[in-house]
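Reader: I have a structure in front of me and a list of terms I only half understand. Can we go through the reasoning behind them?
Author: Gladly. Ask about the words, and we will set each against its definition.

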Amino acid sequence: MFKSQYKNYLFILLFAFAVPAICNAQKNPKEAVNINALIDSLTIVLNNHYVFPDKAKSITAYLSSQLKGNVYANNIQNPQQLAEQLQKDISKIHLDPHMHINYDPGFRVQQYLAPSEDEIKQTKKYWKENNYAYTKVEILPGNIGYITFNVFVDDVEMAKPTISSALRFLSNTSAII
């Protein structure tokens, strides 16, 4: 009887360790990154939207040369390592503390919801009531013009008269802050 119980316990123990091992073998491997499409996408975005066009061209040329040299081939199965390598390569050409390459498998592109007519009216009313964020215009000693505004408003057309008035007031100063 002892041998029978021993066999049952041994079977249960083996089963407890074997099942998880079998299940792990069924995991889907990470899908390889299409590095050509990724570099093409980065090239388009940087060349069309980056604030420093000359740096964008330098960065994309370097990334393309790295791609041709198969530098990224070892990382196509590991998106996190690929993102880190791309960040290092971009930083070699231009160190921009505002540009980051991250891998986030949970990221979802947010849908843009256009504001309603009522929201647009409320926003225009708010900006007008707050003088389009222009709070102070003065001439400091030494003929220095001083403008205080807190944000850039998105309704530039409506703000133009306020901006023009402020700049016209300071038009004869030696400098503007």
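**Helices, sheet and salt bridge**

Author: Start with a pair of helices: H3 passes H4 in a right-handed crossing. Keep in mind that this is a predicted model.

Reader: Why are H3 and H4 called oblique to each other?
Author: Helix H3 covers residues 53-68 and helix H4 covers residues 79-93. Their axes cross at roughly 130 degrees. Angles over 145 count as roughly antiparallel, and 65 to 115 as roughly perpendicular. The value fits neither range, so H3 and H4 are oblique. The axes come within 9 Å.

Reader: Which residues of H3 and H4 make the contact?
Author: H3 brings Ser58, Ile59, Tyr62, Leu63 and Gln66. H4 brings Leu86, Asp89, Ile90, Lys92 and Ile93.

Reader: How do the residues of this contact divide by class?
Author: The contact of H3 with H4 has 6 nonpolar, 2 polar and 2 charged residues.

Reader: What makes Lys92 and Asp89 a salt bridge?
Author: The cut-off is a side-chain nitrogen of Lys or Arg within 4 Å of a carboxyl oxygen of Asp or Glu. For Lys92 and Asp89 the N to O value is 3.7 Å. That is within 4 Å, so the pair counts. Both residues lie in helix H4, 3 residues apart, about one turn of the helix. The whole structure has 5 salt bridges.

Reader: What about H2 and H3: why is roughly antiparallel the right term?
Author: Helix H2 spans residues 35-49 and packs with H3 at an angle of about 170 degrees. Angles over 145 count as roughly antiparallel, so the term applies to H2 and H3. Their axes are 9 Å apart.

Reader: Which residues of H2 and H3 make that contact?
Author: On H2, they include Ile35, Ile39, Leu42 and Leu46. On H3, among them are Ala56, Ile59, Leu63 and Leu67. By class, the contact has 8 nonpolar, 5 polar and 1 charged residues.

Reader: Now the sheet. How do you know that E1 and E2 pair?
Author: Two strands pair if there are at least two bridges between them. E1 and E2 have 6 bridges, in the antiparallel sense. So the cut-off is met. Tyr134 stands opposite Phe149 in E2, and the bridge partner of Lys136 in E2 is Thr148. The two strands form a hairpin with 3 residues between them. In its turn, Gly142 has a positive phi of about 90 degrees.

Reader: And what makes E2 and E3 a pair?
Author: Here 2 bridges join the strands, which run parallel. At least two are needed, so E2 and E3 pair. Ile144 has Ala175 in E3 as its bridge partner, and Gly145 stands opposite Ile176 in E3.

Reader: Why are E1 and E3 the edges of the sheet?
Author: The sheet is open, has 3 strands in the order E1-E2-E3, and its pairing is mixed. E1 and E3 each have a single partner strand, so one side of each is left without a neighbour in the sheet.

Reader: Which helix packs on the sheet?
Author: Helix H6, residues 156-169, touches E1, E2 and E3. The direction of H6 makes about 10 degrees with that of E1.

Terms used. Residues numbered from 1 in each chain as written. Predicted model: local features only at pLDDT ≥ 70, side-chain atom pairs only at ≥ 80, totals over all residues. Heavy atoms only, no water. Helix = DSSP H or I, 4+ residues; strand = E, 2+ residues; numbered from the N terminus. Contact = heavy atoms within 4.5 Å. Axes fitted to C-alpha atoms, helices over the stretch in contact; angles between N-to-C directions. Parallel < 35°, antiparallel > 145°, perpendicular 65-115°, else oblique. Left-handed = near helix turned anticlockwise from the far one by under 90°. Nonpolar A, V, L, I, M, F, W, Y, C, P; charged D, E, K, R; others polar.
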